[in-house]
Amino acid sequence: MSQVTEYSEKVMDHFTNPRNVGELEDASGVGTVGNAKCGDIMRMYLSIDDAGVVTDAKFKTFGCGAAVATSSMATELVKGKTVQEAMNVTNKAVMEALDGLPPVKVHCSLLAEEAIHAALWDYSKKSGVQIDGLEEPVADIGEIEE
């Protein structure tokens, strides 16, 4: 018997109509993270202008509906923010914006947070811009899960 997971309307909307799917050819930063336990892989692309503002964000995600929904919402949340504000988009902010996630899917929001950080890390390395609080990302969030 499989477990039925209840998703909010916002999660279902971002899963069935994901925003910002695809790649950015001249991305300022690209970050890829995964979770070996569940098999989800998320790649985030950010375009950042000379003022340090995220002008565009796109994603490619291989994973469950919650992984797609959190990727979609994360790109929406970082657009228009400075790199420092984008750095502060947490998994909790992603979950709140989606009106919550089932406990078994919270790791998907962690994936989204880490994908943002990984893309910001790449941008920081390429541009020499220092971002407060940014640490080298892990490739597998299974290593940092609570």
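**View 1. Glycine 128 sits just after helix α5 in this predicted model.** Here glycine 128 takes a positive phi of about 75°. The helix that precedes it, α5, runs over residues 106-127 and holds 22 residues. From its first C-alpha to its last, α5 reaches 32 Å, close to the 32 Å expected at 1.5 Å a residue. How much of α5 is covered? Most of the helix is, with 17 of its 22 residues buried.

**View 2. Aspartate 122 and lysine 126 form a salt bridge inside helix α5.** The closest N and O atoms of the two side chains are 3.1 Å apart. Both residues belong to α5 and lie four residues apart, about one turn of the helix. An α-helix has 3.6 residues a turn, so residues three or four places apart point the same way. Is lysine 126 buried or exposed? Lysine 126 has a relative accessible area of 53%, so it counts as exposed.

**View 3. Strands β1 and β2 run antiparallel.** Seven bridges join β1 (residues 29-35) to β2. Look for glycine 31, whose bridge partner in β2 is methionine 44. The two strands make a hairpin with four residues between them, and in this hairpin glycine 39 takes a positive phi near 85°.

**View 4. Strand β2 also pairs with strand β3.** How many bridges join β2 to β3? There are eight, between residues 40-48 of β2 and residues 54-62 of β3, and the strands run antiparallel. Two pairs help you find your way along the strands: methionine 42 stands opposite threonine 61 in β3, and tyrosine 45 stands opposite lysine 58 in β3. This hairpin has five residues between its strands, and glycine 52 in the turn has a positive phi of about 80°. Strand β2 is mostly covered, with seven of its nine residues buried. In a regular strand the side chains alternate between the two faces of the sheet.

**View 5. Lysine 60 reaches glutamate 23 in a salt bridge.** The closest N and O atoms of this pair are 2.7 Å apart. Lysine 60 lies in strand β3 and glutamate 23 in the loop between α1 (9-16) and β1, so the salt bridge ties together parts that are 37 residues apart in sequence. How accessible are the two partners? Lysine 60 is partly exposed at 41% relative accessibility, and glutamate 23 is partly exposed too, with a relative accessible area of 47%. Side chains of opposite charge can pair when their charged atoms come close.

**View 6. Lysine 79 and aspartate 56 meet through their side chains in a salt bridge.** The N to O distance is 3.7 Å. Which parts of the chain does this pair link? Lysine 79 is in the loop between α2 (65-78) and α3 (83-87), while aspartate 56 is in strand β3, so the partners come from distant parts of the chain, 23 residues apart. Lysine 79 counts as partly exposed, at 31% relative accessibility. For the whole model, the count comes to five salt bridges, and among them are lysine 79 with aspartate 56, lysine 60 with glutamate 23, and aspartate 122 with lysine 126.

Terms used
Residues are numbered from 1 along each chain as its sequence is written. This is a predicted model: local features need pLDDT of at least 70, side-chain atom pairs count only at pLDDT 80 or more; totals for chains, interfaces and linings use all residues. Side-chain values use heavy atoms; hydrogens and water are left out. The expected span of a helix is 1.5 Å times one less than its number of residues. Buried means under 20% relative accessible area, exposed over 50%, partly exposed in between (1.4 Å probe, protein chains only). Two strands pair if DSSP finds at least two bridges between them. A salt bridge is a side-chain nitrogen of Lys or Arg within 4 Å of a carboxyl oxygen of Asp or Glu.
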